[in-house]
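Here are my notes on the model you sent round, set out as numbered points. They begin with a term that several of the later points rely on.

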Amino acid sequence: MQDVDKLEKGIEAVQKLVKVGEAVMKDGKVDMSDLSQLPALYEAGSEAVKAFKEAKEMLAEAKDIDSVEAIKLITKLFN
């Protein structure tokens with residue numbers, strides 16, 4: 001059994017990107033007022049790139065998920 005820490009980091013990175021996207025689209029458009037979100041977008045994007053550079057390890061973790069790890073990932077995904 002392999003730990004799912006890399007999968008968790010991938011989930012967290014995607015969640016941060018979604019959060020920035022929601023903040024940008026809060027008013028329904030992308031314009032100059034959204035420049036304040038640029039640092040958060042850069043940080044979230046950097047974390048996503050860093051997390052997904054370990055894609056091979058993530059796939060190895062995904063192939064070896066047991067029920068406890070699956071519940072852990074699903075909980076992280078929806079919280």
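1. A residue is called buried when its relative accessible area is under 20%, exposed when that value is over 50%, and partly exposed in between. Ser 46, which is found in helix α2, has a relative accessibility of 33% and therefore counts as partly exposed. Please keep in mind throughout that this is a predicted model, and that the values below are computed from it.

2. Helix α1, residues 5-24, is a convenient place to begin with geometry. At 1.5 Å a residue, its 20 residues should span 28 Å, and because the end C-alpha atoms of α1 are 29 Å apart, the model agrees with that expectation. The buried residues of this helix are Leu 7, Glu 8, Gly 10, Ile 11, Ala 13, Val 20 and Val 24, and what covers them includes α2, α3 (55-63) and α4.

3. Two of the buried positions in α1 also belong to the largest nonpolar core, which has 5 residues in all, namely Val 4, Leu 7, Ile 11, Met 58 and Leu 73. Leu 7 is in contact with Met 58 and Leu 73, and also with Glu 61, Ala 62 and Ile 65, once its neighbours within four places in sequence are left aside.

4. Which residues does Glu 8 touch, not counting those up to four places away in sequence? They are Lys 72, Leu 73 and Lys 76. Glu 8 lies in helix α1 and, since its relative accessibility of 15% falls under the 20% limit, it counts as buried. With Lys 72 the contact includes a salt bridge between the side chains, at 3.9 Å from N to O. Lys 72 lies in helix α4 (residues 67-77) and Glu 8 in helix α1, so this pair ties together parts that are 64 residues apart in sequence. Lys 72, for its part, is partly exposed, with a relative accessible area of 38%. As the cut-off for a salt bridge is within 4 Å, I would read the 3.9 Å value alongside that limit.

5. A search of the whole structure finds 3 salt bridges. Side chains of opposite charge can pair when their charged atoms come close. Besides the pair already described, Glu 12 forms a salt bridge with Lys 76, where the closest N and O atoms are 3.0 Å apart. This pair links distant parts of the chain, with Glu 12 in helix α1 and Lys 76 in helix α4, 64 residues apart. Glu 12 counts as partly exposed at 33% relative accessibility, and Lys 76 counts as partly exposed at 24%.

6. Glu 47 forms a salt bridge with Lys 16, the closest N and O atoms being 2.8 Å apart. Here the link runs between Glu 47 in helix α2 and Lys 16 in helix α1, which are 31 residues apart. Glu 47 is partly exposed, with a relative accessible area of 28%, and Lys 16 is partly exposed as well, at 35%.

7. On the surface, Leu 17, Met 32, Leu 35, Leu 38 and Leu 41 form a nonpolar patch, with about 480 Å² of accessible area together. Leu 41 lies in helix α2, residues 38-52, and its relative accessibility of 41% places it among the partly exposed residues.

8. Phe 52 is also found in helix α2, and is partly exposed, with a relative accessible area of 39%. Leaving out residues up to four places away in sequence, Phe 52 touches Gly 10, Val 14 and Met 58; of these, Gly 10 is one of the buried residues of α1, and Met 58 is a member of the largest nonpolar core. The C-alpha atoms of Phe 52 and Ala 40, 12 residues apart along the chain, are separated by 18 Å.

9. Two further C-alpha separations may be useful for checking against your own copy of the model. Ser 46 and Glu 69, 23 residues apart along the chain, have C-alpha atoms separated by 26 Å. Thr 75 and Gln 15 are 60 residues apart in sequence and 13 Å apart in space, C-alpha to C-alpha. Thr 75 is found in helix α4 and counts as partly exposed, at 39% relative accessibility.

Notes. Residues are numbered from 1 along each chain as its sequence is written. This is a predicted model: local features need pLDDT of at least 70, side-chain atom pairs count only at pLDDT 80 or more; totals for chains, interfaces and linings use all residues. Side-chain values use heavy atoms; hydrogens and water are left out. Patches are made of residues with over 30% relative accessible area and no salt bridge: like charges are joined within 9 Å, nonpolar side chains (Val, Leu, Ile, Met, Phe, Trp, Tyr) within 5 Å. Accessible areas come from the Shrake-Rupley method with a 1.4 Å probe; for residues, only the protein chains shown count as cover. Helices (H or I, at least four residues) and strands (E, at least two) are DSSP runs, numbered from the N terminus. Buried means under 20% relative accessible area, exposed over 50%, partly exposed in between (1.4 Å probe, protein chains only). Contact means heavy atoms within 4.5 Å. A nonpolar core is a set of buried Ala, Val, Leu, Ile, Met, Phe, Trp, Tyr and Cys residues joined through side-chain atoms within 4.5 Å. The expected span of a helix is 1.5 Å times one less than its number of residues.
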